[in-house]
Every structure is written in structure tokens, then in C-alpha cells.
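Please open the model in a viewer and keep the sequence at hand. The tour below proposes one selection after another and describes what is found at each stop.

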Amino acid sequence: MERKEDDIINNFTTYLGLEKGLSENTREAYTDDLNKLLDFVGNEPDLTVLSVTYNDLQHFVAHLCDTGISARSQARIISGVRAFYRFLMTEDYLEKDPTELLESPKTGKKLPEVLSVNEVNSLINSIDLSKPEGHRNRAMIETLYSCGLRVSELVNLKYSNVYFDEQFIKTVGKGNKQRLVPISRKAIDDINNYMIDRRTIKVRKGFEDTLFLNRRGAKLSREMVFMIIKELAAIAGIKKTVSPHTLRHSFATHLLEGGANLRAIQMMLGHESITTTEIYTHIDREFLRREITTHHPRNRNPETENRYTENV
């Protein structure tokens with residue numbers, strides 16, 4: 001790659017961090033998607049990222065399809081490429097955006113996995129409180145489910161941002177945006193129980209205010225939280241694919257089923273757009289459809305219908 005293109009890519013990643021305020025994980029995802037375009041461009045004679053045309057990008061999308069990349073992943077890659085070319089336009093590297101007419105493949109809406117209230121209780125009850133990490137794990141899961149946090153928000157949660165008397169927490173979400181979220185009395189009680197154990201840990205420098213710590217006194221990794229929840233789901237006998245995000249989805253779905261306002265759920269989840277939150281209305285409709293199919297007399301089988309009629 002030419003030195004100029006190296007500088008452009010570096011400027012783009014800096015822009016994502018400083019001006020867009022994106023997390024390191026999100027910046028890495030954008031970079032990975034952009035690298036797929038760079039690899040494609042590098043294999044085409046006389047083609048550079050600045051000379052790419054709409055037709056070149058159509059060939060690029062066809063190349064992604066030929067290599068077996070799913071429609072959902074293609075859509076994500078195209079989104080990253082669009083962001084890159086919008087940056088080039090903003091910084092006057094280009095006068096025309098080649099992605100302007102580029103369409104993403106239709107992916108459909110995939111509804112997220114959701115746990116029932118009983119399954120959430122089973123997950124929490126599967127925690128062995130006699131183990132050193134037991135109270136920590138219980139407090140973590142109660143906080144995830146009580147507040148609908150992202151896993152990154154959980155591992156970065158500060159003790160000083162838990163307002164015990166007011167029953168609120170302050171968290172920092174995507175784009176470094178802060179928000180206040182109510183926290184249940186149950187989660188607060190579990191955090192207080194965990195703090196008894198936490199005070200016995202030798203905390204490493206720089207993590208004094210981090211709420212949830214590993215055995216070495218440092219911040220828990222996202223991967224560790226995933227592993228903990230996966231193991232607990234197996235112990236609880238839950239057959240669904242369960243992750244920290246499953247608890248976030250369950251939080252929102254149970255609120256909606258209980259009659260919560262969609263705007264209030266949007267604020268608690270930290271969604272920038274209400275359209276992101278609206279996926280939970282699809283889950284709620286599916287829940288209602290199952291309830292009607294199961295309980296409405298017109299949906300019962302003939303034998304059940306006959307017994308129902310005879311007993312009236």
C-alpha cells in the first residue's frame with residue numbers, strides 16, 4: 001500500500017476514536033471490515049482506495065458473496081466501508097462518494113434470544129455462593145438483568161457510580177454517553193453482599209474504583225463474563241444460547257411485556273434511535289401470538305373444544 005493510503009487509514013481510525021468516540025472494540029470491527037476492502041483493492045491492478053468506483057464496489061460485494069460470507073456479515077462490512085468513504089468526503093480526500101448508491105443485502109430481522117423470568121431465576125439460583133466468586137457472580141448477573149447493561153458497561157462499572165440510597169447507577173455507553181439507570185433493591189443487596197468479599201481482595205493500582213474484580217484484583221474481561229454465564233446456563237439446564245446480551249434482551253422484553261413505555265426502555269438501554277428499541281415490539285408480538293395460539297378457544301384442537309363446550 002502506498003504511504004498516502006497508510007496515512008489515510010491511520011487518520012480514519014483516529015477519527016473514529018477521537019471525533020466519533022467509538023470504543024476500541026468498535027474501532028477494531030471497522031478496521032477489520034475495511035481490511036477486506038483493502039485486500040480486494042490490493043489484488044486489482046492500478047486500483048486504490050481513492051480511485052474506487054461504484055462498479056468496483058459492486059465487484060467487491062460479489063467477491064464477499066463468492067467467499068461464503070453471510071448476508072448479515074456483508075451488510076456489516078458494507079456499513080464499515082460506507083463510514084470510511086463518508087470520512088474521505090468529510091476530509092476532502094474525495095469529491096464524490098462511490099458508496100452513495102451501494103445497497104446492502106437484505107438480512108431480515110433476527111430476533112434475539114430471550115430468557116423467561118423462570119429461566120433467569122434458574123440461572124441465578126445455579127450460582128454456588130460457597131465459592132469465592134459466588135457473591136460476585138450473583139451481583140453481576142442481577143445487575144445485568146436489573147439494569148439491561150451491555151457487558152462492556154458492566155465490566156467498566158465504578159463503585160462510585162452506584163447510588164445505593166437513590167437506587168440508580170451511572171454508566172458510560174457507546175460514544176462515551178453517560179446515562180442514569182434504575183437498579184433493583186435485589187441487585188443492590190447482592191452488590192452489598194459481594195462487597196464483603198471484595199474487601200478481602202488485594203486490588204491492583206488503577207482498579208480501586210472498579211466494582212467487579214477478578215481474583216488478581218483487576219477488571220474482569222468481557223470474555224470472562226461470557227464464560228461465567230455460559231457455564232451457569234449449562235448448570236441450570238438452559239438449552240438456549242445464553243450470553244450477557246441475552247440478559248439485556250430479557251430485561252427489555254420483560255419490561256415491555258409488563259407494560260413499560262418504549263421510550264423509557266430506549267433511554268434505559270441507551271439506544272440512540274427508537275428504531276433499535278423497536279425490535280422488542282416484534283418479540284412482544286411473538287409472545288402474544290404464542291399466548292393466543294395456546295389459550296384462545298378458537299385455536300384449541302377439536303377434542304379440547306368439545307370438552308370446553310360440554311362443560312359450559
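Begin by selecting Phe12 and Phe84; in this predicted model, both residues are buried. Their rings form an edge-to-face aromatic pair, with 5.2 Å from centre to centre and 80° between the planes. The angle of 80° places the pair in the edge-to-face class because that class requires planes over 60 degrees apart. Colour the two helices that carry these rings: Phe12 belongs to helix α1 (residues 3–18) and Phe84 to helix α4 (residues 71–90). The pair thus links distant parts of the chain, its members being 72 residues apart.

Now extend the selection to Tyr15, Tyr85, Phe87 and Tyr93, which form one aromatic cluster together with Phe12 and Phe84. Across the whole structure, a search finds eight aromatic pairs.

A further pair to display is that of Tyr159 and Phe164. How are these two rings arranged, stacked, tilted or edge-to-face? The pair is tilted, with 5.6 Å between the centres and 50° between the planes. Which class of exposure does each partner fall into? Tyr159 has a relative accessible area of 31% and is therefore partly exposed, as this value lies between 20% and 50%. Phe164, by contrast, is buried because its relative accessible area of 17% is under 20%.

Return to helix α4 and add helix α3 (residues 54–66) to the view. The axes of α3 and α4 come within 11 Å and cross at roughly 150°. Angles over 145 degrees count as roughly antiparallel, so α3 and α4 are roughly antiparallel to each other. The crossing in which α3 passes α4 is right-handed. To see the contact, show the side chains of Leu57, Phe60, Val61, Leu64 and Cys65 on α3, and those of Gln74, Ile77, Ile78 and Val81 on α4. By class, the contact of α3 with α4 comprises eight nonpolar residues, one polar residue and no charged residues.

The next stop is a second helix pair: select α6 (residues 134–147) and α10 (residues 244–257). Their axes are 7 Å apart, and the helices pack at an angle of about 40°. Are α6 and α10 roughly parallel or oblique to each other? They are oblique, because an angle of about 40° is not under the 35 degrees that roughly parallel helices require. From α6, the contact is made by Ile141, Leu144, Tyr145, Ser146 and Cys147; from α10, by Pro244, Leu247, Ser250, Phe251 and His254. This contact of α6 with α10 has seven nonpolar and three polar residues, with no charged residues.

Move to Asp190, which is located in helix α8. With a relative accessible area of 6%, Asp190 is buried. Beyond its neighbours within four places in sequence, Asp190 is in contact with His135, Arg138, Ala139 and Glu142.

Then follow the chain to Gly206, in the loop between α8 (185–198) and α9 (222–236). Gly206 is exposed, as its relative accessible area is 58%. Draw a distance from Gly206 to Gly217: these residues are eleven positions apart along the chain, and their C-alpha atoms are separated by 9.9 Å.

Finally, clear the selections and display the whole protein chain. The chain has 14 helices and three strands. Of its 312 residues, 40% are buried. Among contacts with a separation of 6 or more, 56% are between residues 24 or more positions apart.

Conventions:
Residues numbered from 1 in each chain as written. Predicted model: local features only at pLDDT ≥ 70, side-chain atom pairs only at ≥ 80, totals over all residues. Heavy atoms only, no water. Phe/Tyr/Trp six-rings, centres within 6.5 Å; stacked < 30°, edge-to-face > 60°. Helix = DSSP H or I, 4+ residues; strand = E, 2+ residues; numbered from the N terminus. Buried < 20%, exposed > 50% of the residue type's maximum accessible area, 1.4 Å probe, protein only. Axes fitted to C-alpha atoms, helices over the stretch in contact; angles between N-to-C directions. Parallel < 35°, antiparallel > 145°, perpendicular 65-115°, else oblique. Left-handed = near helix turned anticlockwise from the far one by under 90°. Contact = heavy atoms within 4.5 Å. Nonpolar A, V, L, I, M, F, W, Y, C, P; charged D, E, K, R; others polar.
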